[in-house]
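Hi there,

Here is the structure I said I'd pass on. Have a look at it first, and then read my notes below.

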Amino acid sequence: MNILPTMPTVSPAPSSSAPRATEPAVLHESVIGWFGEHARDLPWRRPEAGAWGVMVSEFMLQQTPVSRVLPVYEQWLARWPRPADLAAEAPGEAVRAWGRLGYPRRALRLHGAALAITERHGGDVPADHAQLLALPGIGEYTAAAVASFAYGQRHAVLDTNVRRVFARAVSGVQYPPTATTAAERRLARALLPEDETTAARWAAASMELGALVCTAKNETCARCPIAAQCAWRLAGKPAHQGPARRGQTYAGTDRQVRGRLLAVLRDATGAVPASALDAVWHEPVQRARALDGLVADGLVEPLEGGFYRLPQS
């Protein structure tokens, strides 16, 4: 294992329980050591995945569990092993291959990124963070994740799992804010190891810890490598004080209707009549609203004569 750098102590947010400060180097060594023993063998972590495999996984894993992503990921990379392969297809094929992963606009964004990579970078996913961030559909998190996981660079990679680990271990609260804050970004940078290789390993390890141990519900502190330093546990695990955290509903929502409409179009070999779409949902106003939303998002292309298809351009 690399010798981790000594970094200044980062104090957790003040609380009535006054949990003790956490030394970053202690967190690094403990979490990275745990990761070395418990990391899942995932295809996008293997060397042969390359930067494109990492990028595809990052798009697919947004708000979607690993178990659902794995089969689609493998089919996707078998069909489109390089960005240029995807760029050569119509965007509707990306939507079709996305299947039931949910949030299908991600498929269009990934197709757009593949086009830009092919046109601007000769078909190779750029290593430069600014160039990654300039790609369509790539935000702050994805650019940092690809630069870190694919190219071993030093970036703060803040997904929901990492934010939760930092909130508990350092800030002493059960959950992070709903949206990433400037304070969280400052904390993530303060916790980042100076060495690039260690920083990239820390990014992956802290994410895995949040996914497997420091979960949103039923966290298993007995398995946590930093339980002895965790500010939230030391404070007695105070309950969340912010707004109630509600789970997302699906049944009866426009999302469900959109999913059913897209399922008809994915299964069709060509354009389908409006009557075929009408059959998927009984409530006409909601059905029309969902279809209009799909058209506005570029996921469905209306044709003359009341026909619809997946986008071709």
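Why is there no bond between the sulfur of Cys-214 and the closest cysteine sulfur, in Cys-224? Keep in mind that this is a predicted model. In it, the two sulfurs sit 6.2 Å apart, which is too far for a bond, because a disulfide needs the pair within 2.5 Å. If the term is new to you, a disulfide is a covalent bond between the sulfur atoms of two cysteines. Cys-214 also counts as buried, at 11% relative accessibility.

Cys-221 isn't in a disulfide either: its nearest cysteine sulfur belongs to Cys-230 and is 6.4 Å away. Cys-221 is partly exposed, with a relative accessible area of 23%. Overall, the disulfide count comes to zero.

Now for the nonpolar cores. The largest one has 52 residues, and Trp-52, Met-55, Met-60, Trp-76 and Leu-110 have the most contacts inside it. Several helices supply at least two residues each, among them H3 (66–79), H6 (105–120), H8 (140–151) and H15 (284–296). The largest share, seven residues, comes from H2, the helix that spans 50–61.

Met-60 is a nice one to click on. Leaving aside its neighbours within four places in sequence, Met-60 is in contact with Val-69, Val-72, Tyr-73, Trp-76, Trp-98, Leu-101 and Arg-106.

There's also a second core, separate from that one, with 30 residues. Look for Phe-35, Leu-191, Leu-209 and Ile-226, which are included in it.

Cheers

How values were computed. Residues are numbered from 1 along each chain as its sequence is written. This is a predicted model: local features need pLDDT of at least 70, side-chain atom pairs count only at pLDDT 80 or more; totals for chains, interfaces and linings use all residues. Side-chain values use heavy atoms; hydrogens and water are left out. A nonpolar core is a set of buried Ala, Val, Leu, Ile, Met, Phe, Trp, Tyr and Cys residues joined through side-chain atoms within 4.5 Å. Buried means under 20% relative accessible area, exposed over 50%, partly exposed in between (1.4 Å probe, protein chains only). Helices (H or I, at least four residues) and strands (E, at least two) are DSSP runs, numbered from the N terminus. Contact means heavy atoms within 4.5 Å.
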